Every structure is written in C-alpha cells, then in structure tokens.
Amino acid sequence: MRKGLLYISLILVIFYSVGPLLWQLITSLKMDYELTRIPPLLPENPSLVHYIAIFKGRMFLRVIANSAVVASLTTLFALAIGSLCSFGLAKLATRYKALILGFVLSISMFPPIATVSPLYLVIRSIGLRDTWWALIITYTTFSLPLTIWILTSFFRELPDEIYYAARVDGCTPFQSYYRIVLPLSAPGIFATAILVFIFSWNEFLYALTLTSTQASRTIPVAIALFPGIHEIPWGEIAAASVTVTAPLIILVFAFQRRIIEGLTGGAVKG
Amino acid sequence: MKRSEAATWFIAPALLLLAAVTIYPIIHVIYLSLHRKLLIFGISEFVGLQNFLFLLKDGRFWGALGNTAYFTALSVSGELILGLALALLMNKAFSGKGFVRAMVLIPWAIPTVVSAKMWEWMYNGDFGILNYLLGTKVNWLGDPFWALHAAIMMDVWKTTPFVAILLLAGLQLIPPDLYSAARIDGAGPFRLFRHVTLPLIKPMILIVLIFRSLDAFRVFDAVYVLTGGGPANTTETLSVYAYKVLFQTLQIGYGSALAVVVFICVGLIAIGFIGIMGRRVAYR
Amino acid sequence: MLTKFPLILLLCLSLFYCAACTKTPHDGEKGSDVTIVFTHGKIPGDYEQFKRILRQFERENPGIRVADRTLPSSTDEQHQFYVINLDAGSKDFDVLSMDVIWVPEFAMAGWLRDVSGLLSESELDDIFPGPLEAVTYMGKRYAVPWYIDAGLLYYRKDLLDDIGAKPPKTWDELVRTARLITERSKGIYGFIWQGKQYEGLVCDVLEYLWSHGGNVLENGKVVLHSPENVRALTFMRELIVRDRVSPEIVTTLVEESSRHIFGNGRAVFMRNWPYAWNIFERDGSPVKGKIGVAALPSAAGHPSASTLGGWQIGINRHSKHPDAAERFVRFLTSRESQKTLALTVGYKPTRRSLYSDADLKRQQPFIASLHDILLNARPRPVSPYYMMMTQILQPEFSAAIAGIKKPSDALMSAERQVQHVLGVRP
C-alpha cells in the first residue's frame, strides 16, 4: 500500500517534470491548423513539416553549430584556466587562499545586467562583437567561479602524499598537476565540464546583446527571436525547442550521476 | 619558498580574466551611471548622482523593485517547499532511482528561453493546455494579478530540480541510526521530520536559499521571453527594466544606474545571508 | 576512459562545425564588381520571387551586385541591431529597410544619407502622404517609402449577413452588432485586437484616440491628457468589462494570436494588418470566402483612423558605395518594382497610381481595394524620440486596458513622462 503511494507520487513527479516538454513535442508534430485548437490533445496526422522547415534554411544549422562551438570551447578554456587555479589553491602554498576563494565566489553573484553594457562596449571596441570569441571569453569568465569552486574541493580530496611523492621524483609543479592531479580527478573534471557546457549552451542575456546575426547567434536567442514581421511560426518554434533540448536530455540521462556530483560538489563542499 | 611563486603562475590567469571581464565592467558601469549618456544623440555629460536621484522619484523603478522582491520571495519559497518534498520522496528506497533522478533533472537542463516559450504556449488563455486540463478560463499572462504568478510558477518548475538535488544530498548525509534512535523514543513521522531531518539539513537549506535568492533576484530571460514585462509592467523586474532602458531606448547613463542598483541589492542580499549563516559559508 | 570523453565530444563537435561552415556561402566580391549589402527583416511571402527582383537589378546595372541579408529577429531587435551598428559607424551594410517609426531617430543621429533628391516632384505627389511624413526630418527626406501597411477591420461577412447587419461605421455599431451575434452563437468572441504590452498596443490605441478626435502630440505639445483621449481609452476598457464584446485575453493578444483565433472562425470582428487576408483565403482555411474588410470604425462625428505601418529604404551614411546604393534604392522603390512586389509577394505599394493599375486590380483586387484606407493612414508621432515615448506609452496604455489604472490617470502619467522626455531635448 505505502509502496503503491510512493510509486504514484513518483509518476506524478515525473509527469510534472517532463509534461511541458512532452506538450511541446506534441505541438511540434501538429499541422498549423491544429495548433490553436484544443481538444483534441493529440495531432490527427502527426507530421514532421515543422522539423523539415527549420532544417531547410541553413540558418538553424548554423545557429546550432555556433552554440556547439561556443559551448565546447568555453568548456575547454574554463577547465584549463580553472583547473590551474584550483591546483594552485588546493596543492600549492598560497597566501590569501580564503580571500581568493571568497573573491571568486562573490563574482558568481554578479548580476549579468550590471556587466552587460560595459562588456558590450569593450567587445565592440576590440572588434569582437558578433563573433564566437565575444561569447567564449565572456562565458569562460563567468564559468570560472563554478569551475574553481568544484575543482578546488575535488583536488583537496586527493591525498597530499601523492603530490609530494611526485615532487620528490623530480616533477615540476606543472608536471605533477598535468600528470598526476588531473588524471586522478577525472570524474570531478568531467562533472564540471558538463555543467559548464550546459550553462554556455543555455545562456541568453549576453548572447542577446553580444551577437546580432547568424554569424554568432546562439540557440536561445534564435528561439526567442524567431524571424517574422507579423507571422510567428509556433510550430517551428516548438520543433526547434525540441531539437535543441534533445542533446541536453541525452546528457542528463547519460551523466545524471556526474551532474549531481557537480551540483552538490559546488555547493556542499563550499 | 619557491612553491608560492609557482602558485602565482597557476592562479594568475584565472584572476586576470575575472578582473578584466567582471571587475572592470563593474567599475565602468558605476562610472557610466554618473553620466547622462544617450547613445543615439551622441550626448555624454557628467551629472553626478542625478540619475540616482531621478531613480528615487521613478515610479516604474519602485514597481520593478517590488515585482523583483515579490518574485524572489515567492519563487524561492515555492522551490524550497516543493524541492524538499521531492528530495524526501527521492530519498525513499525504490527501484529505478537513476531514471527518476534524470527525469527530475530535465527542467533544470532545458534552456530558460525554451521553457519560457513552452510555458507561454501552455498559458495561452484561449487554447492553452493549462486551462483545458484545469477546466478554468484564467487569463494567465494577460491578467495583472496572474501574470507575475505565472512567471513564478514557471520559475519554480524550472529550478525545483536544483533545489531537490542539493537537499537530497543533504538528506543522504544524515546517519540512518539517528532515525532508528528517534523512532525507538516513539517519534512519529512528523516529529522525526521536525526534530531530526530539519535541523540536520538546515545548513543545506541555507546554502540553497542563498544560491536561489541571488539567482531569482537577477531574473531576466524567464520574464523577458514570457511576458516582456506586461501587462502594465506588472511583471517587469529590475533586470528587464534595466535592459529596456539600456538597449531599447539606449539611455546608457540611466540604465547603468539601474544596473548598479541591481548590483547593490544582490550584494546586500548576499551579505544578509552570510550574516545569518555565520561563518558556515567560509571555505572550510 | 572518462578523461577521453570530453575530448571525443569536442572532436565530434568541431567536425560537425566544419561540415556546417563549409556549406555557408560567402558573399564575396567577384572581380571589380561593387557589392552593396541590403539588410532587411524576414520577407513575408515567397522569398524566391524577391530574389528574382534583386537579380533583375544586377542585370540592369552591370558591375553592381546585391547581397541581401535577412536579420533574424523581431522588429525591436532589428532596431537594436541598426542602432548598435550605425552608432559604431559600421560599413557592413549599405542599404537598410526601416520600420516607419525609426527614420526621424536615425536621421537625427546622423546615420542616414539625405535622399531628398531621389524623388521627383511628380513622384512625391503620387506617394501616400503618411509614409512621406514619416521619412521627413527637418524638411529633408532620409528614406524612400517601400511598402505600406495600415490597421483594418476584418469581419465575418456570413455572420453579419445572418442578422442583416452591415459592417459598422461607428464603434457603437460595432459593439451592437458584435453583441447581437455573440448572443446568438455561443463560443465566439465579438471583437479581438492587440492588447499585449508591446508596440502593437500603441498602434491599436492610437486608432481609438484619433477616431475620438484625440492625439498624442500637436504642434510639438503633448496633448495626451485630453477629454477625447480619456473617452477613447475608457471605451477600450469597456469593450472588455462593460460591453463584454472583447474577451479578457485580448490583454495577451498580438497580431498572430488574434489572427489564429479569427482564422479558426472564433471571432466576429478583428483589428489587424492586411497581411492576414492572404492567410485567410488560403485553401483549407475555415474562414475562406467568409471574410470582409473595412476601414476601422470611429466615434460618431469623427473620421475613421488607422495607424500607418510599413517599411522604408534608406542608405547608411558610411556606405562605401553611395552611388550604387542610390541606384538600388531608386530601383527597389520604383513603380515597376513595387508593382512586381505587389503582384508576387503581396507588398502594398506606396505609390497611389498603382492602385488603379489594371493588372493589380485584376490579380490583387484586395490590395487595390485598400487605397482609401491607406490614404488615411496616420503615422505614429513623428519624432526622433519616438522609441522613448513608446516605452512610456506601452505600460500606461496597458495599465488602463488591464484595469489597473483609471484611463485618465494613465494618460496623465503618460503625459508627464512624455513631457519629461521631450524636455531633455539637447
């Protein structure tokens, strides 16, 4: 009896969580004339017209490519710069450790709206506006607090003895970082990578202001501003939403354990 | 010692980048907020604190501040209650845990813009599925009372997974012996929760509160895409207002002043929470 | 194993990107040809037809090539794109299409070339007065009207015929007719329009203000808080709460959502732009052949008014090829191009003589029938400060319509704020 209640609540929870997405999926399969009618809930003739429509122009592919490149490179840079910093904080003698970590954490609290306009002016003056680099530099920086915070706690869990042993064997600090600490913290690094990737894939405000054409426009902006003077292609928006959410769902299913580690690692261990 | 010299080289790149991309803009935005700067007309003059004085008389600013505070308070408490319930549920023994967790995480992973579009569609007063399922005729996004609550409900849906996952981690740290001991003393489920669970996950709740409050106070994309601030600015938050002033009417000076105010508010909230938590947030 | 995963992921993604980007065409210049870049919003209708017109220009003007770029965004975002780029002195585009409300602002900022010389006296007489007013700043023209739009009243011919009613001439008639029909057939809305807080709301409200004898600016003075305007805004609110011909959800409607409702046969009257007509007349549309169009009603004793929309073509002042750009603007706004665009893409020409053109009357009778309405279309306040004014008007109008503020209070508050904006004139 109690088990039954538990499973019923679990089913309700799952329905609540994925229901909206499911509805978007159903919407994306409806023909235009069915979109604004309810009932029926389900499409009479499920159709892929909206999916075909969004992939017909090259615009959408280009936007996906922009997002993929920006998010991957951001992940790469954030991990490289962040892990170096975390290594320095966790394994090397550093003065002002607590101060630096506090500073890094406080930066994660900066409201984006406060930095977006000066950042925009700077990016424009160095000629990077509407390029991938505008977003990559910005996202890398704003991912650093999270990266440093998680990785520092992961690195600290590695016993110092390993590090000392490597130093005695003649490794420079960088070699011991690269050869010993990094490989041993692979799970932590991986967890961080997923979080940074998802953050960069989803970010909206900076992308909205720093990009303006499909040369660098990313997915969230493209979805928010689907082209049209009067007509709004709801079916296509639904199809696009489902398409760009699919990779994230695969990530979540494949790596939910790592994601949870990353999320809790960032908060709990701090 | 040599080691600390090396440490500088490891830490410096990150700090330099942070300074260049976050600290410099903050200083610049404060500088801009002291100017009257209208981009399109090429006007730029120093006006001291005039923008801030004007802000005190700006009804729209106070409205936006009120909306933001209300949004933060309601959505954070909603997420906390729902997240706690979800965490307690997921902490029970059942098969398919990984699957359920992944399902629960989905709203968190979906881009906010996509969720806003999804909910806008569901909230449609004419053919939206929400009214259909509930059998109501609520004008979700067009009614001055409902619109802000609709935005809050969406935010709760989107961020409850994050809260639940953190609280679940907190729950899993509680030693099971504590429960059995309390049960032997004759504590019912409610008292168990009240006297064992709650005190033990209190630190985690505080951490969640600080993260979520700061996030909710900065809310931009959810509202910007869902309602654009309407009707009658009843859903306009500080970030949305600042964005409109900065980028739609291009009053860079006044918009910067608004942005500075958001910055100050967030800082005050953070300091407040850290005060409450004592030194718990300080790195171990 | 796990460490390798991100690398593999990156590799896959970069491969994917390379595949995607090699496909991207480059608008490079060939030989000594001059390439001018034309930026515009999404072309509603057949894009290929539009391309054909550009190719025709290239044939007629050897040595000039046109690269056209669609800005992937809403009108507001396009405005932002232009402001940001023009302010930075961008030379990335030569010719740009502008919403009717932007030209004075761009002209004052000094971003546009003076194109007063592009139109002859006789052409000026032929072009609708509304758009001409909208492209003029300090006595000079900074753009050439390309196509025109205006608010219309769509009505259900069949439903009106059922009760023997005529298309309403006054707002009161509209309310009466809508009530008669909605009482007979349930589940149908009386009158829908655009009530969400956005630019479209300002367009709608202005039509009520004007058709009640009110206005926003008169001879440079703010006249928002007038008895006429109060009456107009009160009437709009009463459509929802007293007459109940407009559903409460009008406060969320934009062009498309109202078009969907009306197109599904669920409303008697709708205010919208001409674009909706073609969609209603498509095969399979539930309202095909049942739709009529008329000028918007007015308050008794006042003329009908509709808000002017449409797009204008101007030249970036920093363009490297001003001569080629001028030739292109002349070509695109010429009588011939406007006729072709009207016949193929459905753009409403800005040249009045085309409306009596035999081909247009035969092939696009709907467009030809709009002449009188378009002639009376009025531009929104022509001011370089319009974008700031609308940021004030939108929430105040929205507040009155949603019932948060009394119309008189909303107008008073809007008047004060607009005065402030105009007062900070440099």
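This passage describes the chains of a predicted model, their domains and the contacts between them.

We can begin with chain A, where the mean pLDDT is 89 and 97% of the residues reach 70 or more. Within this chain, helix α4 (residues 59–91) of chain A has the highest confidence, at a mean of 94, whereas helix α2 (residues 32–35) of chain A has the lowest, at 83. Chain A is built with 13 helices and zero strands, so read from the N terminus its elements form an unbroken series of α. Along the principal axes, the C-alpha atoms of chain A fill a box of roughly 75 × 65 × 30 Å. Of the 270 residues in chain A, 57% are buried. Sequence-distant pairing is also a feature of this chain: among contacts between residues at least 6 apart in sequence, 78% join residues at least 24 apart.

The domain assignment splits chain A into domain 1 (1–47) and domain 2, the latter made of two segments (57–225 + 237–268). Taken over C-alpha atoms, the centres of domain 1 of chain A and domain 2 of chain A are separated by 34 Å. Five residues from domain 1 of chain A and five residues from domain 2 of chain A take part in the contact. On the side of domain 1 of chain A that touches domain 2 of chain A, two residues are nonpolar, three are polar and none is charged.

Chain A also meets chain B, with 76 residues of chain A in contact with 73 residues of chain B. On the chain A side, helix α13 (residues 234–268) of chain A gives the most, with 16 residues. The class make-up of the side of chain A that touches chain B is 54 nonpolar, 20 polar and two charged residues.

Chain B offers a strand pairing to look at in detail. Strand β1 (residues 35–38) of chain B and strand β2 (residues 43–46) of chain B run antiparallel and are joined by four bridges. One of the pairs places R36(B) opposite its bridge partner E45(B) in β2(B). The two strands, β1(B) and β2(B), form a hairpin with four residues between them, and in the turn G42(B) has a positive phi of about 60°.

Chain B has a further contact, with chain C, to which chain B contributes 22 residues and chain C contributes 24 residues. Helix α11 (residues 238–248) of chain B supplies the largest share of the side of chain B that touches chain C, namely three residues. By class, that side of chain B has 10 nonpolar, nine polar and three charged residues.

Turning to chain C, the domain assignment gives domain 1 (33–149 + 309–378) and domain 2 (150–307 + 381–423). The C-alpha centres of domain 1 of chain C and domain 2 of chain C lie 28 Å apart. Their contact draws on 20 residues from domain 1 of chain C and 19 residues from domain 2 of chain C. Several elements of chain C each supply at least two residues of the side of domain 1 of chain C that touches domain 2 of chain C: α4 (103–108), α6 (129–134), β6 (144–150), α17 (371–375) and β14 (377–378). Of these, α4(C) gives the most, with three residues. This side of domain 1 of chain C has 11 nonpolar, four polar and five charged residues.

Notes. Residues are numbered from 1 along each chain as its sequence is written. Chains are lettered from A and ligands numbered from 1 in the order in which they are written. This is a predicted model: local features need pLDDT of at least 70, side-chain atom pairs count only at pLDDT 80 or more; totals for chains, interfaces and linings use all residues. Domain bounds come from an automatic or database domain assignment. Two residues are in contact if their C-beta atoms, placed from the backbone, lie within 7 Å. Ala, Val, Leu, Ile, Met, Phe, Trp, Tyr, Cys and Pro count as nonpolar, Asp, Glu, Lys and Arg as charged, and the others, Gly among them, as polar. pLDDT is the predictor's confidence in each residue, from 0 to 100. A residue is buried if 20 or more other C-beta atoms lie within 10 Å of its own, exposed if 12 or fewer, and partly exposed in between; C-beta atoms are placed from the backbone. Two strands pair if DSSP finds at least two bridges between them.
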